[in-house]
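Subject: Handing over a structure

Hello,

I am passing a structure on to you, and I hope you enjoy looking through it. Please open it below first; my notes on what was found follow.

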Amino acid sequence: GRPRAVDGDLDLVAAPDMGALEHRTLSGPSSALIGDDITLLASGPPGGFVAVVVHHGGYAPFGASTIFGRFFLPPTGFYRLVPVMTSGGAPTPVTASIPLDPALVGTSTAFQALPRSANSPSGAAFSNPILVSIDG
């Protein structure tokens, strides 16, 4: 019953979204097994591109201010997945692999997307971060 601020149009301004399913620019599972491929869903404008950023080890709770909005992944140790084209309609699936590394069990992997958007003052905007718990 409480509004949750979401930047659903990537203009770097969060607004209340009280729908049954809030619009999130990036969504995905809450947990995964080591060695599995997971599917993330990224939204963006028609003909735009979105790059998903990954960090094994979680995210920073306050994030860093950038020209693209808040970047919640730690400044070192992250990597980008190959950018995919967005349709502006249904979210675009993006596949991410969880390494087959037993040291990851009990940790979390963080994801954040950088979609290109004409609505953003900088031409792109970081999405909401998501956290995936890694199970054995």
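What pattern does the chain follow when read along the sequence? The answer is β-β-β-β-β-β-β-β-β-β-β-β-β. In total there are 0 helices and 13 strands; helices (H or I, at least four residues) and strands (E, at least two) are DSSP runs, numbered from the N terminus.

Some background before the details. This is a predicted model, in which local features need pLDDT of at least 70, side-chain atom pairs count only at pLDDT 80 or more, and totals for chains, interfaces and linings use all residues. Residues are numbered from 1 along each chain as its sequence is written, and side-chain values use heavy atoms, with hydrogens and water left out.

How confident is the predictor? The mean pLDDT of the chain (the predictor's confidence in each residue, from 0 to 100) is 86, and 88% of the residues score at least 70. Among the elements, strand β4 (residues 31-33) has the highest mean, 97, and strand β1 (residues 4-6) the lowest, 67.

For the chain as a whole, 38% of the 136 residues count as buried (under 20% relative accessible area; exposed is over 50%, and partly exposed lies in between, with a 1.4 Å probe and protein chains only). Take the contacts (heavy atoms within 4.5 Å) between residues at least 6 apart in sequence: 64% of them join residues at least 24 apart.

A good place to start looking is β12 (108-115). Of its 8 residues, 7 are buried, leaving this strand mostly covered. β12 pairs with strand β6 (residues 49-56) in the antiparallel sense over 7 bridges; two strands pair if DSSP finds at least two bridges between them. Within β12, L114 stands opposite A51. β12 and β13 also run antiparallel, joined by 4 bridges, and here S108 stands opposite S133 in β13.

Next comes the loop between β12 and β13 (130-135), where N119 is found. N119 counts as partly exposed because its relative accessibility is 48%. Its C-alpha atom is 8.5 Å from that of L12, although the two residues are 107 apart along the chain.

S127 is found in the loop between β12 and β13 too. Is S127 buried or exposed? It is buried, because its relative accessible area is 5%. Leaving aside neighbours within four places in sequence, S127 is in contact with T25, L26, Q112, A113 and P115.

Best wishes
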